[in-house]
Amino acid sequence: MNRIALNRSAPLVLGIETSCDETGIGIVRGTTLLSNTIASSMDEHARYGGVVPEIAARAHLDELVPAISAAVTEAGIRLTDLDAIAVTCGPGLSGALMVGVGAAKALAVALDKPIYAVNHLVGHVGADLLHSDIDTRDTAPLDYPTIALLVSGGHTSLLLVRDLVSDVELLGETIDDAAGEAFDKVARLLSLPYPGGPQIDRVAASGNPKAIRFPRGLSQPKDMAAHRYDFSFSGLKTSVARFVEQRQDAGEPVPISDVAASFREAVVDILLTKALAACADYDVPRLLLGGGVIANARLRQVATERTDAAGVALRIPPLSLCTDNGAMIAALGAQLIMAGHEPSTLEFGADSTLPVGQIQVSDSAQSPGAP
Ligand code: KG4
Ligand code: ZN
């Protein structure tokens, strides 16, 4: 593998992301975004009300090659121009991850390019570094340390990022459902289609968020010692289910908008209360949001209000970089290269439970879950 000619100033990196239901291929040059191609198998999961791992893995197989071609064309480069390949090796769905890892290794060998096996969650943070040449948003570099709140259908994690390529600490995560999963399950209870997040958001717009006081999981004083930064959404989901059942049993209509608005309010409250507690506890005046749930209108609104009030700078990457994508993986790969990290060997494997502190996996010895 060619390690000598690695361009470390603004490397041209292709990133491959297949940890869940999005096949993402992104190409970056340093921190400049050149292309971000995403093919989602979401529609194929809709009838099951959630992501089916085997369907996701098969869809990645179908979508990968067309997505790579589209990304390369959009970026206006040739594969041989690349300095390196970056790939998500975990955490995520095993079968889905394996498709991306296999493709990345094949590309790296065929092109004789170095490969960087990286952590999906840290990639979400890396998304914030990217800007395009035509971008008008504030592209000041991401400052450290920062607290990162990552919320999607697969994860709900609170990170303390002291340095993107060398020091990322998991402060807390969900102990049951992910936030997006809770949206999807509650939408189902309300007979709304999958994915539930956008549906709840839509219906909640005309509801009263104070109509029903749903519980805030792991927020009691007794929870603070062991679970200060952890999340739990299963009690909230059960509470919504009970409320709906009681109305139905009594032959009364279910006030769907009020239920949706009150549920959404509870989720938003829990997420931001814990994220801002972390900012205060660690004296970090920065909060970065990532993951598909960031599309939630109320979450963005309350995040803006509460961070303003707390004197915390809020960063939200564009939505196309918040949902799972390959550009964020390429961005993290480029950061590792620019910081002088050596490539991974080809010995690494997919690791569905890769810990967040492991930003790059170099070989199978560092990836105990590798197949
Ligand atoms: O990051 P993402 O696109 O992919 C995976 O997790 O695979 O996140 C998808 C999740 C779904 O659970 C979806 O219901 C949720 O994000 N979501 C939302 C909204 N839009 C998508 N949740 C709340 N409000 C939204 N507007
Ligand atoms: Zn993700």
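In this predicted model, a backbone N or O atom of Gly153 sits 2.7 Å from an oxygen atom of ligand 1. That contact makes a handy way into the structure. Taken by itself, ligand 1 exposes 550 Å², and the protein buries 92% of that area. Side chains join in as well: a polar side-chain atom of Asp201 is found 3.0 Å from a nitrogen atom of ligand 1, and an N or O atom in the side chain of Asn296 lies 2.9 Å from a nitrogen atom of the ligand. Altogether 21 residues surround ligand 1, and those that come nearest are Gly153, Asp184, Gly197, Gly292 and Asn296. Gly153 and Asn296 thus turn up both in this nearest group and in the contacts described above, Gly153 through its backbone and Asn296 through its side chain.

Next comes the largest pocket, with a volume of about 1200 Å³. It is lined by 48 residues, of which Cys20, Ser152, Gly153, Gly154 and His155 are the closest to its centre. Gly153, already met beside ligand 1, is therefore a name to keep in view, as one of the residues closest to the pocket centre. Several elements give two or more residues to the lining: helix H4 (120–126), strand S7 (156–163), strand S8 (167–173), helix H5 (179–189) and helix H6 (196–204). H5 provides the largest share, with 5 residues. Sorted by class, the lining holds 20 nonpolar, 19 polar and 9 charged residues. Both domains take part, since domain 1 (12–137 + 322–366) and domain 2 (146–317) each supply at least three lining residues.The backbone has a few details of its own, set in loops. A cis peptide bond joins Gly90 and Pro91, with omega at about -10°. Pro91 belongs to the loop between strand S4 (84–90) and helix H3 (94–111). Another cis peptide bond runs from Tyr194 to Pro195, where omega is near -5°. Pro195 is placed in the loop between H5 and H6, two helices that also contribute to the pocket lining. Finally, Asp112 has a phi near 55°, a positive value in a residue other than glycine, and its place is the loop between H3 and strand S5 (115–119).

Definitions and conventions
Residues numbered from 1 in each chain as written. Chains lettered and ligands numbered in written order. Predicted model: local features only at pLDDT ≥ 70, side-chain atom pairs only at ≥ 80, totals over all residues. Heavy atoms only, no water. 1 Å grid on protein atoms, 1.4 Å probe; cavity = no way out; pocket = protein on both sides within 12 Å on 5 of 7 lines; lining within 4 Å. Points joined across faces, edges and corners; volume = space filled by probe spheres on them. Helix = DSSP H or I, 4+ residues; strand = E, 2+ residues; numbered from the N terminus. Nonpolar A, V, L, I, M, F, W, Y, C, P; charged D, E, K, R; others polar. Domains from an automatic or database assignment. Near = heavy atom within 4 Å. Polar contact = N/O pair within 3.5 Å; in protein donor to acceptor, adjacent residues only side chain to side chain. Areas by Shrake-Rupley, 256 points an atom, 1.4 Å probe, with all protein chains shown as cover.
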